[in-house]
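User: I would like to learn how to read a sheet and a helix from a model. Can we go through one of each?

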Amino acid sequence: MIELIKDIAFTEQEIKVIENLFFEGTSVFNDEQVSVINCFSSQNIQACPGSGKTTTLAAKLLLLKKNLSSKHKGGVCILTHTNVAVDIIKKRLGTQASDYYSSYPNFLGTIQSFVNKFLAVPAYKSIFKNQLTAIDDDVFYAVMAKKQHRAYKAMMYLSVNKGIDNLGALSFNIHNFDISAKVDDSAPVVGKHTPSYLELEAIKTEMLEEGFMKFDEAYSLAYRYLREHDSLVTLFSKRFPLVFLDEMQDTEEHHFELIKNIFATSVLQTIGDGNQDIFGHYESISANWPVSESFSIATSSRFPNHIAMILQKIAVEPQSVRGRNEGAFIKPCIFIFDDNSVGRVKYEFVERIVENGLHQKKDAVFKAVGARKNNDGLSITSYLADFNKNSEKVKTYYPTLDDYLNAMDIIKNSSKNAKDLKDLLVSVFVSVLKLMKVKDREKNRYFTSFSLERFLKINHPDFYVHYRKLLQKWCKDIVQGVSIKTSVNQLISLLLERIFEDVPNQEVLHFMEAVSEGYIYNNGTDKKNIFQGEHKNETVEIIFDTIHSVKGETHTATLYLETFTRTYDLSKLLPLLNGKQNRTKTYVTNNRNRMKLGYVAMSRPTDFLCLAVHKDRIDMNIDWNLLGYETIVCY
């Protein structure tokens, strides 16, 4: 047993204290969650949708914090994929515990930030005896665009023979640091001794020496560093004898292999749901990292048991799923349409929502989701003609700072829109420069959010670091309700004085000091993607979205829309639901992605699941009512 956790055993009383903290007497951890909390061996833990895996992980971390001995060296490493996910864990932990796990000897952050901090940055200093300028895709592509013309012949060859038109798309690979089409390829994109490769190598090496890297190339540099310093693996396991990887199903294979390698002798616990892997990473990983047989969380507090039974039928990875037994039973509904009535489906959905009283629920969310945004065949736009696949989620220009701050205040409660806060903050400074009539001299155009950040990062790195830290601090302050107006105004003045050697003009002074002009603020969803329907004098809003976009969300009712991608997706899933199709190896192989998309879509609702399918693609000789579904003919 690893020294750090050798003597740790949580008592029932300790767990009860955390239950009271999280649930305030309304619930307790189930046996599966308690088993995971008390587990200290390397495991791949499968957690079904709505199983409370983040709450379970947070409970374990809080209990660990109280039990870890300062006598033992080493810390705990908690990894996940996005800053939003990191913020969710921190929020669950509370300020004191999140600060503890974010400080030495522990680490709490994204996989990318871990690789940057502990591998890519030290590797770069060791190899190039210099500081990295930026690990950032946007900056990398912008700088590379200025150099690409020097590899004209090589790019002509790649364009004609490989379909590659952008030199920035090429990467130093993870296997041998050759230049490849993809970061996880092992072969060079062209022969290493050809003039084309040498032309590419000269520019790629120049970029590297100047300190510009893509996010993925941080992994390539990390792998190279480990190959040249194999003793680092032992040091990582000593520093972090206990490692947690959340949302494991979203981990790319070369990311996970790196984690496994550097934590070879650590206790590594991954938690996630392979059936929600809609990006295609999980299969190759799970072959060498099998799901634990002894530890899983198969009980969901999100949906009722009859939805859980549906999910079991379409799960790619065989999985036991149990739902709630309490609460009103609402039979899943199948809306059947023909070529002329597909637009009728949303009205029927509204009617069923009202008839079941779901519109009266507090904070109710109703969504209609599909796999395809729009195409020549059946897609989301078939059901909602105005669906805007490229909707700009948040308005990014307002006339005064007060208006910006009011817009941020409206969206702050949605963790999904954490990036929107940062985007609006950057837009404040873009607006100021436009009011000052300051242009990007390189292009003789007004700054955009992207060009301003690139300009500061390249030309004023010290100010840029200060600026980025303030953006992060302000995002947290906004969420916590702390006023940032004075601090923002101070940075506006500092930006103009130090970087552009100017002082605020009258328009900027008005922007900084004026009160809100009463704008209506977009709370995150394009109005073109919202359908308002009425039934019995009740108005219901249905948000239309893609399945990929709603992953991780919880809805009151979800309508899964049939769409066409090579074939009609629901036509392939219905035979699983009615029992006419066995889960053969061939069937799962041919329909793996459709099953996973269906699983994500159908695991969103807390109360009511609906499907929409064309009359030609559902077997009406089957008694669907007997199988537990209500069928509604829309034509």
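Analyst: What follows covers a sheet with its packed helices, then a single helix, in a predicted model.

User: How are the strands of the sheet ordered, and is the pairing parallel or antiparallel?

Analyst: Strands of a sheet pair through backbone hydrogen bonds, and the pairing is either parallel or antiparallel. Here 6 strands make an open sheet with parallel pairing, in the order E3-E2-E8-E9-E1-E10. Strand E3 (107-110) and strand E10 (296-297) are its edges, each pairing on one side only.

User: How many bridges join strand E1 to E10?

Analyst: E1 (residues 43-47) and E10 run parallel and are joined by 2 bridges. In one of these places, Gln46 has Ser296 of E10 as its bridge partner.

User: Which strands do helices H4 and H6 touch?

Analyst: Helix H4 (residues 83-93) packs on the sheet and touches strand E2 (76-80), E3 and strand E8 (242-246); the direction of H4 makes about 145° with that of E3. Helix H6 (residues 111-128) also packs on the sheet, touching E2, E3 and E8, with its direction at about 115° to that of E3.

User: Now the single helix. Which residues of H21 are buried?

Analyst: Val488, Asn489, Leu491, Ile492, Leu495, Leu496 and Ile499 are the buried residues of H21. They lie on the same side of H21 because they cover an arc of only 160° around the axis. On the other side, Thr486, Gln490, Glu497 and Arg498 are exposed.

User: What span does H21 reach, and what comes just after the helix?

Analyst: H21 (residues 485-499) has 15 residues and reaches 21 Å from first to last C-alpha, close to the 21 Å expected. Just after H21, Glu501 takes a positive phi of about 50°.

Note on methods: Residues numbered from 1 in each chain as written. Predicted model: local features only at pLDDT ≥ 70, side-chain atom pairs only at ≥ 80, totals over all residues. Heavy atoms only, no water. Helix = DSSP H or I, 4+ residues; strand = E, 2+ residues; numbered from the N terminus. Expected span 1.5 Å × (residues − 1). Buried < 20%, exposed > 50% of the residue type's maximum accessible area, 1.4 Å probe, protein only. Arc of directions from axis to C-beta. Pairing = 2+ DSSP bridges. Contact = heavy atoms within 4.5 Å. Axes fitted to C-alpha atoms, helices over the stretch in contact; angles between N-to-C directions.
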